[in-house]
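Have the model open and ready to rotate. We'll walk through a helix residue, then a small set of strands, then the cysteines.

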Amino acid sequence: MAASSSGSRTLCTFIRYKSVRCVGQCNASIRTVCTSGSTSQLQPKIQSKGVSSQLRGVVGLEIHAQIHATSKLFACSRVAFCSPPNSSVAFLDASLPGTLPVLNRRCVEAAVITGLALNCTINRKSLFDRKHYFYADMPAGYQITQQRLPIAVNGSLIYSYFGGRKRNQVLSRCVRIKQIQLEQDSGKSLHDDQRSQTLIDLNRAGVGLMELVMEADMSCGDEAAAAVRELQLILQTLGTCQGNMSEGQLRVDANVSVHCPGEPLGVRTEVKNINSARYVARAIDYEIQRQKKVLENGGIIVNETRAFDSKSGTTIPMRDKEGLQDYRFMPEPNLPPLFVYEDEASVPAGVNPTQVVMIDRLKAELPELPGVRRARMVDQYKILPEHSFTLVNEDGLMEYFERVVRNTKAEPRKVIGWVMKELLGNLNQQSLKIAQSPVSPEALADLLNVLESGHISSSAAKVVFQEMWKAPEKAVEQLVKELDLGLVSDREKLLKICQNVVDTHPEQVHVIRAGNKKVLNKLMGAVQTETKGRADPVQVRAILEEMTS
């Protein structure tokens, strides 16, 4: 049973929590597993002091993706960012006695779709478990998750990033995905140090999450950041997660260690709750270098949880993990096993096929994924692979590019140059998104058509583009006429201009006549300067070659 958010609003506007110290005798016992003895055994050994180049980074990721759904995982309270504190809290979210979880079908479908897109095996039967830990923002004292048998396992994610000495090579890598599991999010604690109290906001409590566990197949921050960006793009394409990291919809925990190749992995540290791909790269690279320096100086790596400070660019310790916490996992007694079915034929008799989750139906609805889209762009338009990454990774840019291509006679390779340099240059300068561009795809196509027709030069076209940016309501032809940028093709007029340039550049003419034909480009530039970029370059070259021969 779950209450509406309006009913539960009277429950609590703010729940105040103060840390309480136990006094007197307590009969409860805490079961822990000590791991302090293992730390010294797993420290990497450097053969010669000061040579940290022997050590290599090892990185694994745990990513929590907030499922894009209108309601929470087990309750009907709505999901909304920046709502007033405790305004979207069902009785189940506050863990009131007598409330029971009801599984949200949308969240199950989102997990299955994500698993299919990441080449996972979808478990036809999965189980829910209770993970016990005690925080003020987790009223029940446990989280419902999938520890024993998650919904998807054994997947893979192919990602690419720019590497090499000049960072201009597209390098592709594959990271294994151990599992995808459904679980609840916790609430939010807001600490007030001045009043020595913590305010609890339960709006986020019970929101559906997918936890994606990536194996330790990465070696540096750039690889991890590229994997996060690729996953973010896939989730946004699928519509299973909006992936806005600044709003906490995608949160990254990085497990980082160093070791010498061929030896066992070293002691790892966990950097928690990184909220941008750029910070993922910085945090991991810093942590790898920190661990190398510790070992170089004869120290040991402590198995601990750390946080990334974006201002200083460093990781700082939060708590050690030497005494392994016992979460006391147990089967969730209020939820039966979760079944998904391959197709309609596999649905048991007496069960309505419209009321179950079928894998084949969801697989048929999968959209074109980013990797497939990039390959298609390269094959169809003959553009460079690095350009395809920019087109696909920038929200709305690929659609903009394809609309221009459909409406212009210019080759796609010419179009990509204008999109990358002129369009993105202006957008980045003004911090605008693609959808906010004052120059529409059709307007850019008109400009390229005028350029292809030979009525204006390329330099004049760039001037027109800047004017279009300032006055998007004006047509290309109108701007060309107003600015008097039409191509000068009158031979008599060009002859006079070229003769004047030849007469005023005797040294360059002498070099050209001596055999260095490349200097002719300087004379052509002088002609274009005289005509403000309006001279017909074909005619100008022919005239200058004749005059300097």
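Start with helix H17, which covers residues 537-547 and includes Val-540. Keep in mind as you look that this is a predicted model. Is Val-540 buried or exposed? Its relative accessibility is 0%, and since buried means under 20%, Val-540 counts as buried.

So what is Val-540 in contact with, once you leave aside its neighbours within four places in sequence? The list is Leu-494, Cys-498, Met-524, Val-527 and Ala-535. Take Leu-494 from that list: along the chain it sits 46 residues from Val-540, yet the C-alpha atoms of the two are 7.0 Å apart.

Now swing over to the strands. Here you'll find an open sheet of three strands, ordered E7-E6-E18 and paired antiparallel. Strands E7 (142-145) and E18 (330-331) form the edges, each pairing on one side only. As a reminder, the strands of a sheet pair through backbone hydrogen bonds, in either a parallel or an antiparallel sense. Between E6 (residues 129-132) and E7, the antiparallel pairing runs over four bridges. If you want a spot to zoom in on, try Arg-130, whose bridge partner in E7 is Ile-144.

Last stop, the cysteines. How many disulfides does a search of the whole structure find? Zero. A disulfide would be a covalent bond between the sulfur atoms of two cysteines. Two cysteines worth clicking on are Cys-82 and Cys-107: Cys-82 is exposed because its relative accessible area is 65%, over the 50% cut-off, whereas Cys-107 is buried, at 1%.

Technical notes: Residues are numbered from 1 along each chain as its sequence is written. This is a predicted model: local features need pLDDT of at least 70, side-chain atom pairs count only at pLDDT 80 or more; totals for chains, interfaces and linings use all residues. Side-chain values use heavy atoms; hydrogens and water are left out. Two strands pair if DSSP finds at least two bridges between them. Helices (H or I, at least four residues) and strands (E, at least two) are DSSP runs, numbered from the N terminus. Buried means under 20% relative accessible area, exposed over 50%, partly exposed in between (1.4 Å probe, protein chains only). Contact means heavy atoms within 4.5 Å. A disulfide is a pair of cysteine sulfur atoms within 2.5 Å.
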